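Reader: I'd like to learn how to read a few features off a model like this one. Can we go through them together?
Author: Sure, let's open it up.
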Amino acid sequence: MTTVSPVVIAATARHTATLIFFHGLGDTGHGWASSMGAVRSPHIKVICPTASTMPVTLNAGFRMPSWFDLRSLEPSGPEDEEGIRRAAEMVHSLIAEEVAAGIPTKRIVLGGFSQGGALAIYSALTFPEPLAGIIALSAWLPLHQKFPAEAIGNKNTPLLQCHGDCDPIVPYRWGQLTASVLKQFMTQTEFKTYRGMMHASCDEEMRDMKKFIEKVLKP
C-alpha cells in the first residue's frame with residue numbers, strides 16, 4: 001500500500017530491536033523521525049513510514065498522506081473498515097521484514113501519533129505474535145465495537161497511551177474511553193494525561209516515551 005520509502009534511522013550499536021512509528025494525518029515519516037531518534041537507545045533501529053496520499057472525507061475530500069480514510073472523529077461515527085484492515089496488513093508486512101532480517105517480534109515496538117497511534121494499537125491487537133510494546137499518542141482504537149473479539153494477540157503486551165487534556169482534534173474524552181475499553185482485555189495498559197497539551201507532543205511525554213522504550217527494549 002505504501003509506495004513512499006520509509007525514513008530509517010539505523011542502530012548505532014549492534015541492531016537487536018526495532019521501533020516502527022506511524023505519523024498522523026497529513027504528515028510524513030520525516031515529521032517524527034528526529035524525535036524518535038532522540039528517544040531510542042543505540043541498539044534500536046527506527047522506521048518511520050509515510051502513508052500513501054488519498055482523499056480524506058473528514059477534510060472535504062482533499063488528498064493527503066493518510067493510513068486509511070477518516071470519515072468522522074466521533075466514537076460512534078462511520079469508519080473505513082476496509083482501509084483500516086488494509087493498513088494493518090501493511091504494518092504486519094513491515095514486522096515480517098524485520099523478522100526476516102533477524103529481529104524477533106518480541107523485540108519490536110509499534111507506535112504512532114493520532115491516526116498513526118490508532119493504526120499501531122489496531123495492528124498490534126490483530127497480530128498473532130507477541131510484540132515488545134505499543135505506544136499510542138493522542139490516539140484511539142479503530143473499529144472499537146469489534147473488540148475484544150478481534151484481539152487475536154498482544155493482550156499482555158505493555159501499552160503506553162498518552163493524551164493531552166486540551167486536545168481539540170482527538171478529544172481527551174475519546175482517549176479516556178479508549179483506555180477504559182482496552183483495560184477490559186489488556187493486562188498492561190498505562191494512560192498518561194498531559195495538562196494543557198493540545199493535539200501535539202511535549203517534553204514530558206517524550207521523556208515518558210523514552211522510559212517506556214528503555215523498559216520494553218532493554219539492550
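Reader: What volume does the largest cavity have?
Author: Keep in mind that this is a predicted model. The largest cavity comes to about 100 Å³, and the count of cavities of 30 Å³ or more is one.

Reader: Which residues lie nearest the centre of the largest cavity?
Author: Those are Leu70, Ser72, Pro78, Glu79 and Trp140, out of 15 lining residues. By class, the lining has seven nonpolar, three polar and five charged residues.

Reader: Next, burial. How many residues of helix α3 are buried?
Author: Buried means under 20% relative accessible area. For α3, residues 115–125, that holds for 11 of the 11 residues, so the helix is largely enclosed by the rest of the structure. Among them are Gly116, Leu119, Tyr122 and Ser123.

Reader: What covers the buried residues of α3?
Author: The cover includes strands β2, β6, β7 and β8, plus helices α2 (81–100) and α4 (172–183).

Reader: And the cysteines: how many disulfides are there?
Author: A disulfide is a covalent bond between the sulfur atoms of two cysteines. Here the count is zero. For cysteine 48, the nearest cysteine sulfur belongs to cysteine 162, 16 Å away. Cysteine 48 counts as buried because its relative accessibility is 1%.

Reader: Why is cysteine 202 not bonded to cysteine 162?
Author: Their sulfurs are 8.4 Å apart, which is too far for a bond. Cysteine 202 is partly exposed, at 24% relative accessible area.

Reader: Which domain does UniProt list for residues 6–216?
Author: The unreviewed entry gives "Phospholipase/carboxylesterase/thioesterase". That span is 32% helix and 21% strand, with its end C-alpha atoms 23 Å apart.

Terms used:
Residues are numbered from 1 along each chain as its sequence is written. This is a predicted model: local features need pLDDT of at least 70, side-chain atom pairs count only at pLDDT 80 or more; totals for chains, interfaces and linings use all residues. Side-chain values use heavy atoms; hydrogens and water are left out. UniProt positions are given in the numbering used here, feature names are shortened, and annotations may be inferred rather than shown by experiment. Helices (H or I, at least four residues) and strands (E, at least two) are DSSP runs, numbered from the N terminus. Buried means under 20% relative accessible area, exposed over 50%, partly exposed in between (1.4 Å probe, protein chains only). Contact means heavy atoms within 4.5 Å. On a 1 Å grid over the protein atoms alone, a cavity is a set of points where a 1.4 Å probe fits but cannot get out, and a pocket is an open set with protein on both sides within 12 Å along at least five of seven lines; lining residues have an atom within 4 Å of a point. Grid points are joined across faces, edges and corners, and a volume is the space filled by probe spheres set on the points. Ala, Val, Leu, Ile, Met, Phe, Trp, Tyr, Cys and Pro count as nonpolar, Asp, Glu, Lys and Arg as charged, and the others, Gly among them, as polar. A disulfide is a pair of cysteine sulfur atoms within 2.5 Å.
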